[in-house]
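Open your viewer, switch to a cartoon view and keep the selection box handy. We will go from stop to stop, and at each one you will hear what to select and what is there.

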Amino acid sequence: MEAPTETLAYLDPRTGRTWPLGAPRWCGDNREPLLLTDLPGIGRDQVEAGTRSLWRYRAALPPLQGEPITMGEGCTPLIPRTIGGATALLKCEWFMPTGSFKDRGASVMLSLLRAEGVQAVLEDSSGNGGAAIAAYAAAGGMQAKIMVPASTSPAKTVQSRAAGAEIELVPGSRQDCADAALREAGRIFYASHNWHPYFLQGTKTLAYELWEDLGFQAPDNVIIPCGAGSNVLGCAIGFSELLRAGSIDQLPRIFAAQPANCAPIARAFLDLDPEPARPTIAEGTAIAAPLRLPECIGVLRQTQGGAVMLGEEAIAAATLDLARTGIYVEPTCAQAAAAFAKLLEAGTIRPAERTVVVLTGTGLKATSRIAELMGVAL
């Protein structure tokens, strides 16, 4: 069963304005960040159980003509671990072809764009986003150009280069790089993991997968490392669809974990004054000006969840504590485990509740950073 197309459209959630699907676009006419209008969700009988990838939830996704670009993304393990004296369910999202959760968004976004005739895409990311777009473009016979700050370590772009992507080094800051990408977007279609609503259609499959992992039930809580918020928004979209379909009884509480050194979403949710961003070992979530900040705050409030700010020492300790239970992840996502312990201590989450901690990227991508934490010279 395919999702109905009669009312499916691009949506500016802040004004309610819509644009039809079909003609590729990545923003509103005045560069508004877009979502899609609501999809109806699915029941357990619509899961394609024989498909071992996120495309087992194809009935919940926007209609796709032809075959998807897939490399088996999704279907990641859910592993119990004791943290802070209680059991957390660790969703190991680095079990993906490029080593991070961004493969969910890349697979769905590029599949839909290719079906709409897009053959070359632009992305700005020196990390997991760029690697995912480069790999899925290669798998789908598409060209990819990845723009990165000139100061980026060459090691961070090796994965994208190996996939055949063109890498352009942009002088200046990460924001300068984003600005340059916006200018380049007039020449190459901007398939940005931060901007394109199709990317969120990929990350929403995390919600469907957790629902299936837990015997077609929702967890009580989901704790997510949050930078731009694509997993926070994706989970909200997915669980809202399941609620709409009658497949779950209530939304889980969604919590965003951010480094205290760069926590615009958490600070806004907690009604704290903004502060300038400072360097953090959780660099994958160091997004100083997230595009969809109001929408992320809305999710945390709607689900009666919250936001947690983590100090650098807590993030470092969580990274090594997880590694010593066999879970080797980036500090960026280890902060979600630190947030679980903090929420337990505050009594916000009870030990008996089913709490999922989302771990988004492999520690193999942060070798130098983790070596520093251990005092190991490379």
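Begin by selecting residues 69-361, a span that is 41% helix and 18% strand, with its two end C-alpha atoms 21 Å apart. Keep in mind along the way that this is a predicted model. The span was not picked at random: UniProt, in an unreviewed entry, lists residues 69-361 as "domain: Tryptophan synthase beta chain-like PALP".

**Stop 1: the sheet of six**

Now colour the strands β4, β5, β13, β10, β11 and β12. In the order β4-β5-β13-β10-β11-β12, these 6 strands make an open sheet with mixed pairing. Which strands sit at the edges? Select 78-83 for β4 and 306-310 for β12: each of these edge strands pairs on one side only. Look along the sheet and you can follow its twist, as neighbouring strands are turned by 30° against each other on average, direction ignored.

Zoom in on the β12 edge and add residues 253-259, which are strand β11; β11 and β12 run parallel and share 5 bridges. To see one bridge, show Ala257 together with its partner Val308 in β12. As background for what you see here, strands of a sheet pair through backbone hydrogen bonds, either parallel or antiparallel.

**Stop 2: the sheet of four**

Next, highlight β8, β7, β6 and β9. They form an open sheet of 4 strands in the order β8-β7-β6-β9, and here the pairing is parallel. The edges are β8 (166-170) and β9 (189-190), each with pairing on one side only.

For a closer look, select residues 120-124 (β6) and 143-149 (β7), a parallel pair joined over 5 bridges. Show Asp124 and you will find Met147 of β7 standing opposite. Leave β9 highlighted for the next stop.

**Stop 3: an aromatic pair**

Show the side chains of Trp26 and Tyr190. Why does this pair count as edge-to-face? The ring centres of Trp26 and Tyr190 are 4.9 Å apart and the planes meet at 85°, so the pair is edge-to-face. The two residues come from distant parts of the chain, 164 residues apart: Trp26 lies in the loop between β2 (18-20) and β3, while Tyr190 belongs to strand β9. Across the whole structure, a search finds 7 aromatic pairs.

**Stop 4: empty space inside**

Turn on a surface or cavity display. Rolling a probe the size of a water molecule over the atoms shows where empty space is left. The structure holds 3 cavities of 30 Å³ or more, and the largest cavity has a volume of about 50 Å³. To frame the largest cavity, select its lining: His193, Asn194, Leu200, Ala228, Gly229, Ser230, Leu233, Leu291 and Arg292. By class, this lining has 4 nonpolar, 4 polar and 1 charged residues.

**Stop 5: the second largest pocket**

Move on to the second largest pocket, which encloses about 380 Å³ of space. Centre the view on Leu35, Leu36, Asp38, Ala236 and Ile237, the closest to the pocket centre of the 18 residues that line it. Then colour β3 (35-36), α7 (230-244) and α9 (293-302), the elements that each give two or more residues to the lining. Which of the elements gives the most to this lining? That is α7, with 6 residues. The lining as a whole has 9 nonpolar, 5 polar and 4 charged residues.

**Stop 6: two backbone angles**

Finish with the backbone. Most residues other than glycine have a negative phi, and most peptide bonds are trans. Select Cys75 in the loop between β3 and β4; its phi is positive, near 55°. Then jump to Asp271, in the loop between α8 (264-269) and α9. Asp271 is not a glycine either, yet its phi is positive at about 60°.

Terms used:
Residues are numbered from 1 along each chain as its sequence is written. This is a predicted model: local features need pLDDT of at least 70, side-chain atom pairs count only at pLDDT 80 or more; totals for chains, interfaces and linings use all residues. Side-chain values use heavy atoms; hydrogens and water are left out. UniProt positions are given in the numbering used here, feature names are shortened, and annotations may be inferred rather than shown by experiment. Two strands pair if DSSP finds at least two bridges between them. Axes are lines fitted to C-alpha atoms, for helices over the stretch in contact, and angles run from 0 to 180 degrees between N-to-C directions. On a 1 Å grid over the protein atoms alone, a cavity is a set of points where a 1.4 Å probe fits but cannot get out, and a pocket is an open set with protein on both sides within 12 Å along at least five of seven lines; lining residues have an atom within 4 Å of a point. Grid points are joined across faces, edges and corners, and a volume is the space filled by probe spheres set on the points. Ala, Val, Leu, Ile, Met, Phe, Trp, Tyr, Cys and Pro count as nonpolar, Asp, Glu, Lys and Arg as charged, and the others, Gly among them, as polar. Rings of Phe, Tyr and Trp (its six-membered ring) pair if their centres lie within 6.5 Å; planes under 30 degrees apart count as stacked, over 60 as edge-to-face and the rest as tilted.
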